[in-house]
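Biologist: I am new to this structure and would like to understand the words used for it. Could we look at it together?

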Amino acid sequence: MTTDSNPIRALVRRADDLVKAAPNRADATQAWDRAASLLDEAERRLQDLPPGEERDGLVVMIGLRRDDINRLVRLAADPRRSTLDEPVAPDPMPQPGHETLGRTRERLAERTPPNQRLVTSWPVLHVGTPPRVDLDTWRLPLTGLVESATRLTWSDLRGLPATTLTSDFHCVTGWSRLDNRWEGVRFRDVAAVAGVRPQATHALVFGANAYSANLDLDTLMGDEVLFAWSHDGAELESVHGGPLRLVVPSRYAWKSVKWVESVKFLDRDVAGYWEMRGYHNVADPWLEQRYG
Ligand SMILES: Nc1nc2c(c(=O)[nH]1)N[C@H]1C(S)=C(S)[C@@H](COP(=O)(O)O)O[C@H]1N2
Ligand SMILES: [Mo]
């Protein structure tokens, strides 16, 4: 009998989805408990897998997630921390059939990557708790392979040429939100302040709660990639990554880092948070690059 690792991977991904949607729920602890029991179940099923690389890889994948959940539970229990927590309005995961109105079916289909469903609400997904950010002390360090290491202040950032762009947003958990009007500055205009060295090929963009995503510079320097502070005409809410989030429309939304904290330019590709946890390195929704 051959033992299939896919059901184990499916359990792990269900646990991920619960963790990311936990901020939408009145009781995040319940979501973490449920995620932890899915990991228990995954670990039980590991016993049936033959020893080898695949099994070892899954052991690491499960272990990383156990650490994540433990960290989240610890943080939530920390009284210094929980006084900073803002209540998040419940925003349940969209159900199939929750469709955008007023456009022709064909036109919508053209803009909907495979196995995505359209939503008009805007789900909130992230690991951890939105940080409280003070714009007076906020800094954006640009580090690594740059001509001059730079720490932008909020007013430095707002002094750069602002752009408004409309783009679609595709989350790996299966929802897409079309026509998001973002206002911000292009990644490449921010990068130009520090001057990117010629040998740089990739960057890691870091966000609050030890989050990160890796991208190649060709993608990051593209026209559509913004650091955004406004969405659909309103200041970007903290739950959606305000004061500043990255927006990379050509990639699944986990690459659109919320609460950006720094950018590091590199001459090699280094895996970010979800990429390290088995998600696809590139994450093109049109090629359905969900998992590695
Ligand atoms: N800092 C940070 N950024 C993050 C995440 C996160 O956990 N932390 N989650 C990502 C994921 S998985 C998604 S789908 C989008 C969700 O953005 P939204 O909550 O504004 O819809 O943010 C991305 N950016
Ligand atoms: Mo996501």
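**Around the ligand**

Modeller: Let us start at Arg245, where a polar side-chain atom sits 2.7 Å from an oxygen atom of ligand 1. Keep in mind that this is a predicted model, in which local features need pLDDT of at least 70 and side-chain atom pairs pLDDT 80 or more, while totals for chains, interfaces and linings use all residues. Residues are numbered from 1 along each chain, chains are lettered from A and ligands numbered from 1 as written, and side-chain values use heavy atoms without hydrogens or water.

Biologist: What makes the approach of Arg245 to ligand 1 a polar contact?

Modeller: A polar contact is a pair of N or O atoms within 3.5 Å; within protein, one must be able to donate a hydrogen and the other to accept it, and residues adjacent in sequence count only if both atoms are side-chain atoms. The 2.7 Å of Arg245 therefore qualifies. His240 also has a polar side-chain atom 2.7 Å from an oxygen of the ligand, and for Trp122 the distance is 3.1 Å. As for cover, the protein takes up 100% of the 530 Å² of accessible area that ligand 1 has on its own (Shrake-Rupley method, 1.4 Å probe).

Biologist: Which residues come nearest to ligand 1?

Modeller: Out of 20 residues around ligand 1, the nearest are Pro123, Val127, His240, Arg245 and Lys258. A residue counts here if one of its heavy atoms lies within 4 Å.

**Aromatic pairs**

Biologist: How many aromatic pairs are there in the whole structure?

Modeller: The search finds 14. One of them is Trp122 with Trp182, an edge-to-face pair with 5.8 Å between centres and 75° between planes.

Biologist: Why is the pair of Trp122 and Trp182 called edge-to-face?

Modeller: Rings of Phe, Tyr and Trp (its six-membered ring) pair if their centres lie within 6.5 Å; planes under 30 degrees apart are stacked, over 60 edge-to-face and the rest tilted. At 5.8 Å and 75°, the two Trp rings therefore meet both conditions. Trp122 belongs to the loop between β1 (117-118) and β2 (139-144), and Trp182 to strand β5 (residues 175-186), 60 residues apart. Both Trp122 and Trp182 are buried.

Biologist: What makes the pair of Tyr211 and Tyr273 tilted?

Modeller: Their centres are 5.4 Å apart and their planes stand at 35°, so the pair is tilted. With Tyr211 in strand β7 (residues 211-216) and Tyr273 in helix α9, it ties together parts 62 residues apart in sequence. These two Tyr residues share one aromatic cluster with Tyr252, Trp254, Trp274, Tyr279 and Tyr291.

**Buried and exposed**

Biologist: How do you know that Tyr273 is buried?

Modeller: Buried means under 20% relative accessible area, exposed over 50%, and partly exposed in between (1.4 Å probe, protein chains only). Tyr273 has 4%, so it is buried, and Tyr211, at 14%, is buried too. Asp179 in strand β5 has 29%, so it is partly exposed.

Biologist: Why is His280 called buried?

Modeller: Its relative accessible area is 18%, so His280 falls under the limit. His280 is in the segment after α9, and a polar atom of its side chain lies 2.9 Å from the backbone nitrogen of Val282. Beyond four places in sequence, His280 is in contact (heavy atoms within 4.5 Å) with residues including Trp254, Glu275 and Tyr291.

**A helix and some backbone angles**

Biologist: How do you know that the span of helix α3 is close to the expected one?

Modeller: The expected span is 1.5 Å times one less than the number of residues. Helix α3 (residues 53-77) has 25 residues and reaches 36 Å between its first and last C-alpha, close to the expected 36 Å. Its buried residues, among them Leu58, Ile62 and Leu72, pack against α1 (6-21), α2 (28-46) and α9 (273-276). Helices (H or I, at least four residues) and strands (E, at least two) are DSSP runs, numbered from the N terminus.

Biologist: What makes the phi of Ala283 worth pointing out?

Modeller: Most residues other than glycine have a negative phi, and most peptide bonds are trans. Ala283 has a positive phi near 75°, and Asp179 has one near 55°. Ala283 is buried, with a relative accessible area of 0%. Gly242 and Pro243 are joined by a cis peptide bond, with omega about 15°.
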